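Grab a pencil and work through these exercises with the sequence and the 3D view side by side. Try each task before you read its solution.

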Amino acid sequence: MSLSTPRRLALLTSASLALLAGCGSSSDSADAKSAPARVAVVASTNVWGDIARRIGGDRVDVTSVINDPDQDPHSYEADPQNQLALSKAKVVVENGGGYDDFVDRMLKSGHNDSAEVINAVEVSGRTAPKGGELNEHVWYDFPTVAEVADRISAVLAKADPGDAGAFAKNAAAFKAKLAPLEAREAQIKKAHGGEGVAITEPVPLYMTEASGLVNRTPAQFSEAIEEGDDVSPRVLQESLALFSGKKVKVLVYNEQTSGPQTEKAEAAAKAAGIPVVPVTETLPKGKDYLGWMTDNVDALASALSK
């Protein structure tokens, strides 16, 4: 049976389109294969995860193990999904200092010896004071955060040398935005240096110390709250007297570990007309690290000016 001219043209056209489509698919497949895979990064909290994402940009896939603003990181229990992510990670950013020991345990049990691990406390060089305990909340220490940003850039460049320039550029841009936060702390120190502050936990101490404020909270109080222990009646009364006696200008309150004793401190501060500045250990919903810390520093400055 012979085919009409229109029928032959239709078949030729279909064959041509199929051939072109086939060529395009082959080219696209080749491009996809030539494009480097994104670097798998796992961070213990969304704080370090956000910073890693800012530096890595679209060349990284970041998983933050703790990312719920209502979750107390001290009592967090990692799950099999976290184990899987850590077993495949090329880069791991942990806080260290005993804060997130589950990361090291899961890396070991997942037999991931090749991951580049960044320990923020080790990068900071911070150690426990003589007779005291290490304050592991180093993400409130802006110079440390800048050093960690540089370390993330260097490790990502090792994993993806072709994008090393982009990582360095992103780290520099991030650090440039940290500078105003340090300048703001210096302004607070100039205006309020030497004034007393109370805390419920050591979480914000690097920020308050850089701002020239003196922590007057009994160590037994903040340490007990951090460890989830009861505060003795004597220490509780001594802590509450800071507010009734007007010995502090502000209470910096960790919202993520509130309980009866911290609530008593908050109530005593408000009753005495002392401002309360809430802080958290992980990013609030809808915030990035820089915006979050800007809010924290501004809230501290505003409270001290009342």
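**Exercise 1. Two odd backbone angles**

Lys246 lies in the loop between H10 and strand S7 (250-254); helices (H or I, at least four residues) and strands (E, at least two) are DSSP runs, numbered from the N terminus. Before you start, note that this is a predicted model, where local features need pLDDT of at least 70, side-chain atom pairs count only at pLDDT 80 or more, and totals for chains, interfaces and linings use all residues. Residues are numbered from 1 along each chain as its sequence is written, and side-chain values use heavy atoms, with hydrogens and water left out.

Task: find the phi of Lys246, then do the same for His111.

Solution.
- Step 1: recall the background. Most residues other than glycine have a negative phi.
- Step 2: check Lys246. Its phi is near 55 degrees, a positive value in a residue other than glycine.
- Step 3: check His111. It is not a glycine either, yet it has a positive phi of about 55 degrees. You'll find His111 in the loop between H4 and strand S4 (116-119).
- Step 4: look at the surroundings. Buried means under 20% relative accessible area, exposed over 50%, and partly exposed in between (1.4 Å probe, protein chains only). Lys246 counts as exposed at 54% relative accessibility, and His111 is exposed too, with a relative accessible area of 68%.

**Exercise 2. A helix under cover**

Task: how many residues of helix H2 are buried, and which are they?

Solution.
- Step 1: mark residues 46-56, which make up helix H2.
- Step 2: count. 9 of the 11 residues are buried, so helix H2 is largely enclosed by the rest of the structure.
- Step 3: name them. The buried residues of H2 are Asn46, Val47, Trp48, Gly49, Asp50, Ile51, Ala52, Ile55 and Gly56.
- Step 4: go one step on. Just after H2, Gly57 takes a positive phi of about 60 degrees.
- Step 5: set this against the whole chain. Of its 306 residues, 45% count as buried, and the chain has 12 helices and 8 strands.

**Exercise 3. Rings that meet**

Task: which kind of aromatic pair do Tyr140 and Trp292 form?

Solution.
- Step 1: learn the rule. Rings of Phe, Tyr and Trp (its six-membered ring) pair if their centres lie within 6.5 Å; planes under 30 degrees apart count as stacked, over 60 as edge-to-face and the rest as tilted. By this rule, the count comes to 5 aromatic pairs.
- Step 2: apply it. Tyr140 and Trp292 are 5.8 Å apart, centre to centre, with 70 degrees between the planes, and form an edge-to-face pair.
- Step 3: locate the partners. Tyr140 lies in the loop between helix H5 (120-124) and helix H6 (142-159) and Trp292 in helix H12 (residues 289-304), so the pair ties together parts that are 152 residues apart in sequence.
- Step 4: check burial. Tyr140 counts as buried at 0% relative accessibility, and Trp292 is buried with 3%.
- Step 5: find another partner of Trp292. The ring centres of Tyr289 and Trp292 are 6.1 Å apart and their planes stand at 80 degrees, so this pair is edge-to-face as well. Both lie in helix H12, 3 residues apart, about one turn of the helix.
- Step 6: widen the view. Tyr99, Trp139, Tyr140, Phe174, Tyr289 and Trp292 form one aromatic cluster.

**Exercise 4. One pocket, one cavity**

Task: what lines the largest pocket, and what lines the largest cavity?

Solution.
- Step 1: get the terms straight. On a 1 Å grid over the protein atoms alone, a cavity is a set of points where a 1.4 Å probe fits but cannot get out, and a pocket is an open set with protein on both sides within 12 Å along at least five of seven lines; lining residues have an atom within 4 Å of a point. Grid points are joined across faces, edges and corners, and a volume is the space filled by probe spheres set on the points.
- Step 2: take the pocket. The largest pocket has a volume of about 610 Å³ and is lined by 32 residues, with Glu133, Leu134, Asn135, Pro202 and Glu226 nearest its centre. H9 gives the most to this lining, with 5 residues.
- Step 3: take the cavity. The largest cavity holds about 30 Å³ of space, and its lining is Ala198, Ile199, Thr217, Phe221, Ser239, Leu242, Phe243, Leu251 and Ala265. Here H10 gives the most, with 3 residues.
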